[in-house]
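Reader: I am new to this structure and would like to be shown around. Could you display it before we begin?

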Amino acid sequence: MLTRREFLACGGSVALAATTGCVASPPLPKSGFIDFGDPDHPYLGLATSLMQEYDYDAAVEGAVPPGLRGVLYRNGPGLFDRGGLRKRSLLDGDGLVQRVHFHDNGVRFRCRFVRTPKFQEEEAAGSFLFPTWSTLAPGGIWNNFWGPGRIRSQAGVTVFPWRGRLYAFDESSLPFSLDPITLETIGESRLGVPPEMPLIFAAHPKFDPRTGEWLHFGIQYGRQVSLHLTCFAGDGTLVRHRIIELPRYVYIHDWFVASRHVLLSLHPLEVAVWGPLLGIRSILDSLRWRPEQGNLLMVLPRDFNGEPLLLTTEASFMWHGVNSYEHGGELLADFVGYANPDHLVGPAAVAQTVMTGRKGVFRTPGRLWRYRIDLLQRRVERELLAAGNFEWPRIDERQRCRAHRFVYLCAANPAEFFWSAVERHDLQTGQHGRYDFGAGYYCTEPVFVPRSVSAGEESGWVLTEVYDSRTRKSFLAVLNGERLEDGPLARVMLRHHVPFSYHGWWQADGEA
Ligand SMILES: [Fe+2]
């Protein structure tokens with residue numbers, strides 16, 4: 001709670017906003033946005049809500065490889081509009097989980113919204129009721145005061161199968177459990193942890209395939225900002241949990257886990273927290289990029305014990321890490337980094353302007369970087385692995401927490417924000433393969449599927465969901481990872497579009 005002194009210090013703003021109802025981040029009018037856009041704005045289908053759920057046998061063009069058998073799950077925001085109002089950012093909507101099942105007789109597609117309490121209450125009301133990270137609730141300050149505590153999960157970022165269930169994660173909450181076949185929502189889950197233990201999860205846990213451990217970080221925003229570190233054993237038991245107060249009040253999305261260490265890159269994306277606490281500004285509209293502060297790298301042993309090692313380095317915003325591993329006395333961590341998150345921060349950032357059909361600012365591309373951290377000397381160096389315009393890095397998940405050779409990425413053409421190509425980078429030879437779907441096609445995170453249990457890291461398929469702005473429908477493309485330039489081997493044709501989708505996870509037939 002606020003202290004009396006703090007309350008009085010900000011009382012003027014509260015009183016003004018309360019009396020005027022004036023807040024800085026209200027929902028947008030839907031009337032300012034045309035679904036699917038026009039030929040000058042072909043990517044607006046990504047920001048167009050999906051208005052129904054589907055379950056059907058999908059047509060396939062080309063030939064699905066006989067060895068590709070299993071399920072691709074995906075998650076991302078599927079609904080941006082309610083009651084004539086609209087979210088302020090593309091990165092903010094109710095979670096839409098997809099299930100694409102490759103079986104002996106074809107491909108079955110299914111998608112459902114996660115029935116969070118937020119989704120159900122707003123569905124019943126026909127309007128937004130709760131603030132989310134980019135957009136305050138309608139109704140001014142009275143419906144938004146102490147904003148971080150009012151935000152409800154949309155379960156719309158990632159999805160993971162674990163011990164017979166499917167879990168949908170948001171940024172700063174508990175996950176939702178789903179039936180992995182029907183996608184029916186079972187409910188919010190503490191993953192078996194007793195209710196008396198404080199617990200919070202971000203959306204990017206890491207499975208270590210060698211140990212079976214599932215490691216999570218989470219950020220709790222209040223007057224201070226706390227880091228939760230949680231680890232489950234392969235049998236589902238909680239093995240460790242630690243809460244640490246962070247030295248910076250920052251927004252971070254992903255982290256790194258190696259065999260013996262964990263690493264958080266505290267980039268200087270500061271949250272000016274009083275706006276959200278007072279209910280007058282969203283968290284997204286309270287982000288400030290402070291490059292002069294540099295990045296603060298925080299290294300801990302994987303048992304979470306001891307004092308964190310803190311190292312400063314150049315400012316570099318990160319959505320997603322690639323992977324991390326120890327080599328000699330070094331901890332290596334690969335990631336896609338931006339010199340400035342201008343696509344995210346500020347009212348003209350493209351992630352926001354797309355919601356009103358405008359082009360917006362995107363000047364600074366994501367590049368593929370590596371941190372080399374000398375743990376003994378306590379030094380860090382940053383190395384550019386590939387210049388380009390990248391996002392959505394993935395590896396062969398069998399290499400998680402150990403050395404990886406190949407990285408799969410989405411790539412955009414110069415000055416474009418949305419990605420039309422997929423690339424594979426061989427970090428050993430420096431070679432890369434690329435397939436560009438062309439103008440007006442927008443692809444998503446390339447999920448790598450090994451060709452077989454025993455196949456090497458080089459051998460497998462790449463699955464990317466592509467929105468085709470000409471047909472206003474999406475398809476799932478299957479490519480040969482070793483020969484991306486040949487283009488899709490198969491396209492699973494969907495009967496509708498899929499809005500901006502973040503992350504996927506492959507579960508091969510026979511995997512638990
Ligand atoms: Fe993510």
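Author: The following exchange covers the metal site, the cavities and a few single residues.

Reader: What kind of model is this?
Author: This is a predicted model, in which local features need pLDDT of at least 70 and side-chain atom pairs count only at pLDDT 80 or more, while totals for chains, interfaces and linings use all residues. Residues are numbered from 1 along each chain as its sequence is written, and side-chain values use heavy atoms, with hydrogens and water left out.

Reader: Which residues are the protein donors of the iron ion?
Author: They are His204, His253, His320 and His503, each through NE2, lying 2.0 to 2.2 Å from the ion. Donors are N, O and S atoms within 2.8 Å of the metal (3.2 Å for Na, K and Ca), and sites may look incomplete because water is not among the atoms.

Reader: What are the angles at that site?
Author: Among the four donor atoms the angles run from 92 to 163°, and the site is irregular. Four donors count as tetrahedral if all angles lie between 85 and 135 degrees; four count as square planar and six as octahedral if opposite donors are over 155 degrees apart and all others between 65 and 115; anything else is irregular.

Reader: And what spacing do the donors follow along the chain?
Author: The spacing is H-x48-H-x66-H-x182-H. His204 sits in the loop between β11 (185-188) and β12, and His253 in the loop between β15 (238-245) and β16 (256-257), so this pair ties together parts 49 residues apart in sequence. Strands are DSSP runs (E, at least two residues), numbered from the N terminus.

Reader: Is His204 buried or exposed?
Author: His204 is buried, with a relative accessible area of 7%, and His253 is buried at 6%. Buried means under 20% relative accessible area, exposed over 50%, and partly exposed in between (1.4 Å probe, protein chains only).

Reader: Changing topic, how many cavities of 30 Å³ or more are there?
Author: The count is three. A cavity is a set of points, on a 1 Å grid over the protein atoms alone, where a 1.4 Å probe fits but cannot get out; lining residues have an atom within 4 Å of a point. The largest cavity has a volume of about 210 Å³, a volume being the space filled by probe spheres set on the points.

Reader: What lines the largest cavity?
Author: Its lining has 19 residues, and His204, Lys206, Arg394, Glu397 and Arg400 lie nearest the centre. The iron donor His204 thus appears here again. By class, the lining has seven nonpolar, six polar and six charged residues. Ala, Val, Leu, Ile, Met, Phe, Trp, Tyr, Cys and Pro count as nonpolar, Asp, Glu, Lys and Arg as charged, and the others, Gly among them, as polar.

Reader: And the second largest cavity, what is its volume?
Author: The volume is about 110 Å³. Its lining has eleven nonpolar, three polar and one charged residues, and β32 gives the most, with three residues.

Reader: Where is Val449?
Author: Val449 is in strand β31 (residues 447-450) and is buried, with 2% relative accessible area. Beyond its neighbours within four places in sequence, Val449 is in contact with Leu68, Gly460, Trp461, Leu463 and Trp506, where contact means heavy atoms within 4.5 Å.

Reader: Is Glu292 buried or exposed?
Author: Glu292 counts as exposed, at 62% relative accessibility. Glu292 lies in the loop between β19 (287-289) and β20 (295-301).

Methods:
1 Å grid on protein atoms, 1.4 Å probe; cavity = no way out; pocket = protein on both sides within 12 Å on 5 of 7 lines; lining within 4 Å. Helix = DSSP H or I, 4+ residues; strand = E, 2+ residues; numbered from the N terminus.
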